[in-house]
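Visitor: I'm new to reading protein structures. Could you walk me through this one, feature by feature?

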Amino acid sequence: MKKVLLIGRSEAGKTTLAQRLLGEEPRYHKTQAVTLVGPIIDTPGEYCQRAEYAKALALYAYEADVVALVVSADEPFMLFSPGITSLVNREVVGVVTGVDKPGARPDLCDSWLRLCGCRRLFHMDALHGEGVGELLDYLGADGSPARPPDETKIRRSPAEPIKTAKKTPKKVPKQTEK
Ligand SMILES: Nc1nc2c(ncn2[C@@H]2O[C@H](COP(=O)(O)OP(=O)(O)OP(=O)(O)O)[C@@H](O)[C@H]2O)c(=O)[nH]1
Ligand SMILES: [Mg+2]
């Protein structure tokens with residue numbers, strides 16, 4: 001399965017989508033740091049809501065094969081600027097999630113995402129698992145959830161070493177009596 005970077009405002013539904021892609025039942029968990037689970041890089045919404053963090057997202061894009069702009073179908077406005085996909089040299093797809101929400105306007109979200117430069121768009125209700133299979137197919141998982149390979153486990157950031165790495169004990173200098 002291709003490695004995907006999930007970007008979107010806080011509460012857009014990135015972690016819920018990540019859990020579905022991994023075959024897990026969604027359970028709420030506020031993302032506190034950029035997190036790699038198997039082939040999915042989940043990011044806290046604050047990364048695209050604060051200019052000083054937003055630059056880091058462009059760098060994380062180089063760790064991924066595909067970038068997904070995740071937008072909730074009931075968004076009152078678009079957070080991403082027109083043409084933003086040109087900032088990265090990876091394919092950027094648009095994911096409209098929460099299509100089940102009251103007041104959902106997936107068609108409006110589609111037009112915003114197209115303005116951003118997304119050519120491929122996915123609609124889903126990730127909370128209940130509707131429409132997630134199409135994204136899994138696109139990512140090359142044949143509609144089956146991606147399970148993190150054993151050795152990958154969970155890393156808080158793609159740059160962090162894998163936890164199974166051997167630790168070398170610290171040398172404590174001997175104390176000499178005066
Ligand atoms: N109805 C509905 N609710 C959803 C859907 N996806 C997510 N939610 C709800 O939206 C809330 C926020 O979802 P998260 O997946 O945690 O959002 P996030 O983008 O990861 O948020 P941050 O970690 O703060 O960046 C949760 O209460 C989810 O249950 C959906 O497709 N439909
Ligand atoms: Mg999250």
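Guide: Happy to. Start with a parts list: the protein has five helices and seven strands. Keep in mind that this is a predicted model.

Visitor: In what order do the elements of the protein run from the N terminus on?

Guide: Write β for a strand and α for a helix, and they run β-α-β-β-α-α-β-β-α-β-α-β.

Visitor: How much of the protein is buried?

Guide: Of the 178 residues, 34% are buried. You can also ask how far apart in sequence the touching residues are. Among contacts with a separation of 6 or more, 72% are between residues 24 or more positions apart.

Visitor: Okay, strands next. Which strands does S1 join?

Guide: Look for bridges, then check the direction. S1 is joined to strand S3 (residues 40–42) by three bridges, and the two run parallel. Four bridges join S1 to S4, and that pair is parallel too. Val4 shows both links: it stands opposite Ile40 in S3 and opposite Val66 in S4.

Visitor: And what does S4 pair with beyond S1?

Guide: S4 also pairs with strand S5 (residues 91–97), in the parallel sense, over seven bridges. You can step across the strands by partners: Ile7 has Leu69 in S4 as its bridge partner, and Leu69 in turn has Gly94 in S5.

Visitor: Are the faces of S4 covered or open?

Guide: Check each side of the strand separately. In S4, Val66, Ala68, Val70 and Ser72 lie on one side, Val67, Leu69 and Val71 on the other, and all are buried. That is seven of its seven residues. S1 has both faces covered as well, with Val4 and Leu6 buried on one side and Leu5 and Ile7 on the other.

Visitor: Is Leu6 buried or exposed, and why?

Guide: Count the C-beta atoms around it. Leu6 is buried because 24 other C-beta atoms lie within 10 Å, and 20 would be enough. Leu6 sits in strand S1 (residues 4–7). Setting aside neighbours within four places in sequence, its contacts include Leu17, Ala18, Ile41, Ala68 and Val70. Take Ile41: it is 35 residues from Leu6 in sequence, yet their C-alpha atoms are 6.1 Å apart.

Visitor: Is there a general idea behind residues like that gathering?

Guide: There is: in soluble globular proteins, nonpolar side chains tend to be buried together. Here, the largest nonpolar core has 41 residues, and those with the most contacts inside it are Leu5, Leu6, Ala68, Leu69, Val70 and Val95. Strand S4 (residues 66–72) gives the largest share of this core, six residues. Follow Val70 and you'll find that it contacts, among others, Leu6, Ile7, Leu17 and Val95, leaving aside neighbours within four places in sequence.

Visitor: How should I read a helix?

Guide: An α-helix has 3.6 residues a turn, so residues three or four places apart point the same way. Now try helix H4 (residues 106–116), where the buried residues are Cys109, Trp112 and Leu113. Seen down the axis of H4, these buried residues fall within an arc of 95°, so they line one face of the helix.

Visitor: What do the buried residues of H4 pack against, and which exposed residues does the face turned away carry?

Guide: The buried residues of H4 pack against S4, S5 and strand S6 (121–123). On the face turned away from the buried side are the exposed residues Asp107 and Ser111. Just after H4, Gly117 takes a positive phi of about 115°.

Visitor: Can we look at a loop residue too?

Guide: Try Leu127, in the loop between S6 and helix H5 (132–138). Leu127 counts as partly exposed because it has 16 C-beta neighbours inside 10 Å. Leaving out residues up to four places away in sequence, Leu127 touches Thr16 and Pro26. Its C-alpha atom is 7.4 Å from that of Gly98, which is 29 residues away along the chain.

Visitor: How many residues surround ligand 1?

Guide: There are 21, and the closest are Gly13, Thr15, Thr16, Thr31 and Gly45. Next, sort them by type: the shell divides into six nonpolar, nine polar and six charged residues. Then ask where they come from: helix H1 (residues 14–21) supplies the largest share, three residues.

Key
Residues are numbered from 1 along each chain as its sequence is written. Chains are lettered from A and ligands numbered from 1 in the order in which they are written. This is a predicted model: local features need pLDDT of at least 70, side-chain atom pairs count only at pLDDT 80 or more; totals for chains, interfaces and linings use all residues. A residue is near a molecule or strand if its C-beta atom, placed from the backbone, lies within 6 Å of it. Ala, Val, Leu, Ile, Met, Phe, Trp, Tyr, Cys and Pro count as nonpolar, Asp, Glu, Lys and Arg as charged, and the others, Gly among them, as polar. A residue is buried if 20 or more other C-beta atoms lie within 10 Å of its own, exposed if 12 or fewer, and partly exposed in between; C-beta atoms are placed from the backbone. Two residues are in contact if their C-beta atoms, placed from the backbone, lie within 7 Å. A nonpolar core is a set of buried Ala, Val, Leu, Ile, Met, Phe, Trp, Tyr and Cys residues joined through C-beta atoms within 7 Å. Two strands pair if DSSP finds at least two bridges between them. The arc is that of the directions from the helix axis to the C-beta atoms.
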